[in-house]
Amino acid sequence: MEIPRQTEALSGRSQSPGSLTEQLRPGLRGELVLPTDAAYDRARRVWNGAIDKRPAAIVFCATPDDVVHAVTYARSQGCLVAVRSGGHNVAGLSVCDDGMVIDLSRMKKISVDPQRRIARAEAGLNLGEFDAATQAHGLATTMGVNGDTGIAGLTLGGGFGKLGRKHGLSCDNLIAAEIVTADGRMLRTSASDHPELFWALHGGGGNFGIVTAFEYRLHPLGPALLVGSVLHAYNQAREAMRFYDEFSRGAPDELSVDAALVTLPSGERAFSIAACYAGPLEAGEAVIAPLMKFGSPVESRLQAIPYIQIQSAGDSLFPRGRRYYWKAQFLREIADGAIDALLDCYAKAPNRSSLLVFQQVGGAIARVPASDSPYANRDAALDCFPIAIWDDPVDDEANIGWARDLWNAVRPFSTGGVYANNLGDEGDERVRDAYGGNYARLAAVKKQYDPTNFFRLNQNIRPG
Ligand SMILES: Cc1cc2nc3c(=O)[nH]c(=O)nc-3n(C[C@H](O)[C@H](O)[C@H](O)COP(=O)(O)OP(=O)(O)OC[C@H]3O[C@@H](n4cnc5c(N)ncnc54)[C@H](O)[C@@H]3O)c2cc1C
């Protein structure tokens, strides 16, 4: 279905760049920020402080018409376009040098229909804002674990978090999406409207256009969920990792168990496990009990915590502006050889902020056939990735090198697959690893909706 426009698109082909910029500004309800503006330096920044790009223009859109306006202008100029919502992409693909950033972060309308259990959410919302609005009605859908992440990038690449094993990926809960395509059309996509395009939006990322709003299926939840967390000393980490592997693989769908190698403020290393039960509190206690009983943790806690608080619990670990690098891969299990490699490499972490993370997937995510959506790696059990975090550019090499070494050491034990949203700038082969057998179909949809690869600053699928 084509959504009627309120304003006419610009044609502008015969005009000078300067006059076109002026033509763009009055047509916008939102804000245009140029390099000469005082707001520019802040406006060009993204979550990862290691990204330092200088676009020629940043368009803060206020409405879908603004998005059409910006796309049409950029096309008329042959201008490189980056699309930004939450700004969390680790590789900094949502900002560019010289081109135009089309930013949706100010488009934050959300309406929740508690009877039909549906939310319509504009693309500029972050997870914290989305969770707060849906939990106000005792509802939720799968989102990630950091409140500052954008719903847009997260959903378009898949989206997993504490509810994924019970309710599937964020994109599995999509009912419809409104999108501006490369030719400036506004389309509503759903299972019946532009179904191939709608299929491609289930993990295919920002390749097909700019999504302005998502419609999600919601589920009753909370307000409080049971969370069990334990911390094991590093000299117990080998056994604790074996336990984690077995415990997480036997978990019911309601249980999501994430873990990490961490360094405590004292400088000691440790293995932390956190289990969250998305069901009745009493039932959760029995399910989490084996975790609480295992070994001799140096710390352990079992608590009922409001879902919104659980969702923001890790936010302070990932503030905007620090330097970040990570490299991810999926595992089906944590083999003994992988444990040795991980413990050995983590011990060489160049600073105390750096982490090795396991994020559990599986459950309902794994029961969706791999070709039902672009997100192909449905059979994975864990997403495993080192996260290097530092502040001084002189430490770039040591931190990036450490994360790559760790990734290489675990590589023999991985499925070979990767989550598109956790890819850095890793080349075409790795994009194919994310999409597997779905790549050719994605390339065909790309050819239909974006034949010139106008949207190419992403995990790029070439029109085919
Ligand atoms: C601290 C942290 C925690 C994370 N935790 C999780 C997690 O628990 N689960 C999980 O699944 N992922 C997680 N991620 C990964 C996250 O899903 C991706 O980084 C995602 O791209 C972020 O979306 P964004 O809108 O914030 O990003 P942006 O940087 O704004 O966008 C990323 C890319 O998405 C595309 N895009 C963005 N907005 C639009 C739009 N409106 N229309 C079309 N394309 C668009 C563009 O190609 C853009 O380059 C995490 C990331 C971080 C940094």
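A residue counts as buried here when its relative accessible area is under 20%, as exposed when over 50%, and as partly exposed in between (1.4 Å probe, protein chains only). By that yardstick, 56% of the 464 residues of the protein chain are buried. This is a predicted model, so local features need pLDDT of at least 70 and side-chain atom pairs count only at pLDDT 80 or more, while totals for chains, interfaces and linings use all residues. Residues are numbered from 1 along each chain as its sequence is written, and side-chain values use heavy atoms, with hydrogens and water left out.

As for overall shape, the radius of gyration of the protein chain is 22 Å, which agrees with the value near 23 Å for a compact globule of 464 residues (taken over C-alpha atoms; the rule is 2.2 Å times the number of residues to the power 0.38). Those C-alpha atoms fill a box of roughly 70 × 55 × 40 Å along the principal axes. Among contacts (heavy atoms within 4.5 Å) with a separation of 6 or more, 71% join residues 24 or more positions apart.

The protein chain has 14 helices and 19 strands, which are DSSP runs (H or I, at least four residues, for helices; E, at least two, for strands) numbered from the N terminus. Helix H13 spans residues 428-435, and its buried residues are Arg 430, Val 431, Ala 434 and Tyr 435. They sit on the same side of H13, because they cover an arc of only 140 degrees around the axis, judged by the directions from the helix axis to the C-beta atoms. Their cover includes strand E17 (329-331), helix H12 (396-410) and helix H14 (439-449). After H13 comes Gly 436, with a positive phi near 50 degrees.
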